Amino acid sequence: PASNRPYLPALRPRPMEPVRDEEAEAFGREAAGAKGYGGAFGPHFAADAAKPARGFLATLSSEFGTRFLVMLSASQHFAVGFTMAGAPPVVRYMLKSYGVEGPRSQIVSGVFDLAFSLKPAIGMISDAFPIGGLNKGPYIALASVCGTLAAALVIVVPIQHLDLTIFTACFLVIAIQLATCELLPEAKYAERIKEKPEYGPALQTFVQSGQLVVGLISTAISGPLIEHFGVKAPLRVAIVPLAAVLVPTMMNYLGESTRTPQEQQEARAKIAAQREVLLLSALVIVCTLALCAIGVVCSSTAVNAAAAVIITAIVLLAFGVVLKPSIAKVNSFFLIQTSMCVTIGGAAFYFYTDTPEEYPEGPHFSVVFYSSGMGLLSIICAVFGLYLYQRYAVELSYRATLLVFSLLWTVCGLSDIVLFRRLNLRWGIPDLALVAGPSVIIGVLRELLYMPAVIIMSQLCPKDMESTIFALLGASRNFGKAVASNVGALMLQWLHCQPSGLPNESRQIDNLWIGA
């Protein structure tokens, strides 16, 4: 999914230029003198050197509190990690049950990603307008109630009686819950890390490793659940963590203290003083809601593609005017690069999963292989890509990294032409080998290309505004993904490549290789 990843700052960024940060050095000397170890960000768990018997979780529980860890686990691991890993195949197969054509399926799926573009707005609204003096818990609870009710509606109402527009709106609400449950606890544990920076890497490891493990479990069981218990089965399981996050939230396991009216007024004044950030946040809200509304209501592929291009151009121009040039130019590069990664996944899904009656020439991948097998492979490749970047690519220049890995990705993508043309069968290459091999390489390259973007932005963000600017930059890239998805859908329509799971739809897939 297009969410920010808090564990990335723990990696070893290569400085853009050798600059001496006297403030950071002073902070390190002060921390060393006060705490008796090598700087505030010295060896991980340096403070535990005198307490070797204490375990990882016991240490975190002692430093941050068991209740806080339970809240992070409920929100980050289960509500977000489990649902985000298991949701994509549910959406794809449910849209197939509706008989939605490939291009339209691609647009609808892209709408859910846009929900994460609202994270800057969610953060700013929660900071400016606390509910009952609390600026995180009530918003998590409100979003969780709405998301749980939306999931329950999809589960209870039979597909034949649930309008496609309502189905899309329900999953959009679920996505907004996930964005809220990811962002606000992140903001809280960022505050806690500032209080105890020596335990920051450990807390980030707890959050990210938990998400990874739970995501692996969710991905592994999603395929068997769909195959044996129906397309809604993973959602029936996911509704439990979506609702369960309410329990620690209502019991204030986040550990929020009630803000006084004076503190609330000061917070609003501080936000109001950041006029540029307010302008960009307001623009992101309007543009995101507009694209979501068009994607949900309008079935015209051309209208959705035009809207995505126009709105993204407005966002690109606004960010270029408001942000300082060093940030604006880098943001423009990555937004344009993302927009150029035109996708054809809506039609490719039918190519992979159509039955012999629907597409006799196809590979006929099972639900288990497509949902669980390919999903697990993707996660493993992402982890391996992170390792490779940390181990080998961190010393490369940004230009070399982006150029080399982009070209390698392009070369690997050529395998799709061979697969969609079915040339591999003539050459005696099994479908599985042609899918798994390039998928592994592309999965690794995806992370190798993502890492430089994160580190560049980390180094360019203004001091004390890192979280806000980072969230805004992430939102702008989501608009690039919308362009790639909607323009790709329009291209599929022009190619008459519009499979929908009907019998004998080979002619609807014949031109898919041209799209590739």
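Colleague: In this predicted model, is Asn252 buried, exposed or partly exposed?
Modeller: Asn252 lies in the loop between helix H10 (246-250) and helix H11 (261-273). Buried means under 20% relative accessible area and exposed over 50%. The relative accessible area of Asn252 is 27%, so this residue is partly exposed.

Colleague: Which sign does the phi of Asn252 have, and what is its value?
Modeller: Most residues other than glycine have a negative phi. Asn252 is not a glycine, yet its phi is positive, at about 55 degrees.

Colleague: Where is Asn504 found, and is Asn504 buried or exposed?
Modeller: Asn504 also is not a glycine and has a positive phi of about 55 degrees. Its place is the loop between helix H20 (466-494) and helix H21 (512-515). With a relative accessible area of 64%, against a cut-off of over 50%, Asn504 is exposed.

Colleague: How are H8 and H9 oriented to each other?
Modeller: The axes of helix H8 (residues 200-229) and helix H9 (residues 233-244) come within 7 Å and cross at roughly 125 degrees. That angle falls outside the 65 to 115 range for roughly perpendicular and is not over 145. H8 and H9 are therefore oblique.

Colleague: How do the residues of the contact of H8 with H9 divide?
Modeller: H8 contributes Ser222, Leu225, Ile226 and Phe229, and H9 contributes Ala233, Pro234, Arg236 and Val237. They divide into 6 nonpolar, 1 polar and 1 charged.

Colleague: Why is H4 largely enclosed by the rest of the structure?
Modeller: Helix H4 (residues 102-114) reaches 19 Å from its first C-alpha to its last, close to the 18 Å expected. Its buried residues include Ile107, Val108, Val111, Phe112 and Leu114. H4 is largely enclosed because the buried count is 11 of the 13 residues.

Terms used
Residues numbered from 1 in each chain as written. Predicted model: local features only at pLDDT ≥ 70, side-chain atom pairs only at ≥ 80, totals over all residues. Heavy atoms only, no water. Helix = DSSP H or I, 4+ residues; strand = E, 2+ residues; numbered from the N terminus. Expected span 1.5 Å × (residues − 1). Buried < 20%, exposed > 50% of the residue type's maximum accessible area, 1.4 Å probe, protein only. Axes fitted to C-alpha atoms, helices over the stretch in contact; angles between N-to-C directions. Parallel < 35°, antiparallel > 145°, perpendicular 65-115°, else oblique. Contact = heavy atoms within 4.5 Å. Nonpolar A, V, L, I, M, F, W, Y, C, P; charged D, E, K, R; others polar.
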